[in-house]
Amino acid sequence: MVLAQLGGSISRALQQMSNATIIDEKVLNECLNEITRALLQADVQFKLVRDMSTNIKKIVNLEDLAAGHNKRRIIQQAVYNELCKILDPGKPAFTLKKGKPSVVMFVGLQGSGKTTTCTKYAYHHQKRGWKPALVCADTFRAGAFDQLKQNATKAKIPFYGSYTESDPVKIAVDGVETFKKENCDLIIVDTSGRHKQEAALFEEMRQVSVAAKPDLVIFVMDSSIGQAAFDQAQAFRQSVAVGAVIITKMDGHAKGGGALKLLQLKVQSYLLELVNTWTSLKFLMLNHLSAVF
Ligand SMILES: Nc1nc2c(ncn2[C@@H]2O[C@H](COP(=O)(O)OP(=O)(O)OP(=O)(O)O)[C@@H](O)[C@H]2O)c(=O)[nH]1
Ligand SMILES: [Mg+2]
């Protein structure tokens with residue numbers, strides 16, 4: 001179920017409840033069952049959904065509510081608050097600061113959409129008055145620099161990379177330094193998603209991260225991987241301090257649940273630093289709807 005569908009199902013359940021002539025236990029239960037079903041279909045962890053439903057029932061104690069109370073409004077507010085609780089990572093999101101260069105590093109498995117999303121992210125900020133730049137620290141895949149260069153040129157964003165230098169750490173450091181001198185306030189470092197061995201990929205990522213000192217590391221994940229999201233994100237988290245997640249290809253797959261699976265990560269505390277998962281997600285959803293290129 002894609003996120004838009006999930007939103008639609010929840011709204012419909014609330015609307016049906018609002019349309020009922022009398023709000024009683026049966027109407028409340030039907031509404032909660034609908035919401036529960038929609039969340040479970042979207043792959044949200046069972047325990048989370050069950051707790052949410054229990055909490056709402058506790059808050060909305062129909063017997064205790066005096067006749068004058070607007071029960072519809074109280075139920076809607078309780079559902080809203082409980083959904084927000086699931087999504088709220090409890091930490092302020094990373095924000096860019098004017099006049100200070102922020103370095104944002106993108107990591108993720110091959111083909112997850114890092115290079116594409118780097119440019120979307122840069123473009124998104126450029127439109128809002130920031131001065132972004134792109135650094136291609138993927139020296140493993142032939143054609144990686146050309147791809148970034150092409151994207152950056154289309155979006156009119158300055159870029160840095162090399163056809164001859166094979167050390168991604170050196171490129172990352174040089175690129176960041178170059179753009180700091182040029183007063184860019186958002187320096188985006190794209191990294192490799194493939195290597196002969198996975199261990200080598202994680203080690204490279206760690207070294208680039210140590211050298212480029214990113215203010216934020218964004219883990220890019222393809223929405224179609226569904227259940228595998230959990231293990232993948234956890235593996236990345238062990239190598240670098242992932243601070244946000246962007247879920248790509250939400251346009252092409254019906255498995256938006258992969259995105260919601262991340263809720264489970266948050267709640268199970270594996271990715272405590274997923275500070276702005278949802279701001280990133282919103283950004284991404286906005287962007288691919290209004291095709292950047
Ligand atoms: N439909 C769709 N396709 C996407 C999206 N993001 C990326 N792609 C496509 O997915 C493919 C891989 O994207 P890249 O940006 O090259 O992925 P990457 O993670 O940089 O890949 P490597 O550099 O090989 O690790 C490309 O064909 C993109 O056009 C998206 O949001 N929706
Ligand atoms: Mg790439």
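This briefing describes the sheet, the helices packed on it, the surroundings of a ligand and the confidence of the model. The structure is a predicted model, and its chain has an average pLDDT of 79, with 78% of the residues scoring at least 70. At its centre of interest is an open sheet of 6 strands with parallel pairing, and helix α5 both packs on this sheet and contributes the largest share of the shell around ligand 1.

**The sheet**

- The strands of the open sheet follow the order β3-β2-β4-β1-β5-β6, and their pairing is parallel.
- Because β3 (159-160) and β6 (244-248) each have a single partner strand, they stand at the edges, and one side of each is left without a neighbour in the sheet.
- Strand β5 (residues 216-222) runs parallel to β6 and is joined to it by 5 bridges, and Asp222 has Thr248 in β6 as its bridge partner.

**Helices packed on the sheet**

- Helix α5 packs on the sheet, where it touches β1 (102-107), β2 (132-137), β4 (186-191), β5 and β6, and its direction makes about 170° with that of β4.
- Helix α6 (residues 144-154) also packs on the sheet, touching β2, β3 and β4, while its direction makes about 165° with that of β2.

**Strand β4 and its partners**

- Strand β4 is mostly covered, since 6 of its 6 residues are buried.
- Leu186, Ile188 and Asp190 point one way from β4, whereas Ile187, Val189 and Thr191 point the other way, and all of these residues are buried.
- With β1, strand β4 pairs in the parallel sense over 5 bridges, and Val103 stands opposite Ile187 of β4.
- With β2, strand β4 pairs in the parallel sense over 6 bridges, and here Val135 has Val189 in β4 as its bridge partner.
- In general, the strands of a sheet pair through backbone hydrogen bonds, either parallel or antiparallel.

**Around ligand 1**

- There are 18 residues around ligand 1, and those that come nearest are Gly113, Lys114, Thr115, Thr116 and Gly193.
- Helix α5 (residues 114-127) supplies 3 residues to the shell, which is the largest share.
- By residue class, the shell around ligand 1 divides into 11 polar, 6 charged and 1 nonpolar.

**Confidence in the model**

- Over residues 253-293 the pLDDT is below 50, although this stretch has 104 contacts in the model beyond near neighbours in sequence.
- Where pLDDT is low, the predicted coordinates should not be read in detail.

Terms used:
Residues are numbered from 1 along each chain as its sequence is written. Chains are lettered from A and ligands numbered from 1 in the order in which they are written. This is a predicted model: local features need pLDDT of at least 70, side-chain atom pairs count only at pLDDT 80 or more; totals for chains, interfaces and linings use all residues. A residue is near a molecule or strand if its C-beta atom, placed from the backbone, lies within 6 Å of it. Helices (H or I, at least four residues) and strands (E, at least two) are DSSP runs, numbered from the N terminus. Ala, Val, Leu, Ile, Met, Phe, Trp, Tyr, Cys and Pro count as nonpolar, Asp, Glu, Lys and Arg as charged, and the others, Gly among them, as polar. Two strands pair if DSSP finds at least two bridges between them. Two residues are in contact if their C-beta atoms, placed from the backbone, lie within 7 Å. Axes are lines fitted to C-alpha atoms, for helices over the stretch in contact, and angles run from 0 to 180 degrees between N-to-C directions. pLDDT is the predictor's confidence in each residue, from 0 to 100. A residue is buried if 20 or more other C-beta atoms lie within 10 Å of its own, exposed if 12 or fewer, and partly exposed in between; C-beta atoms are placed from the backbone.
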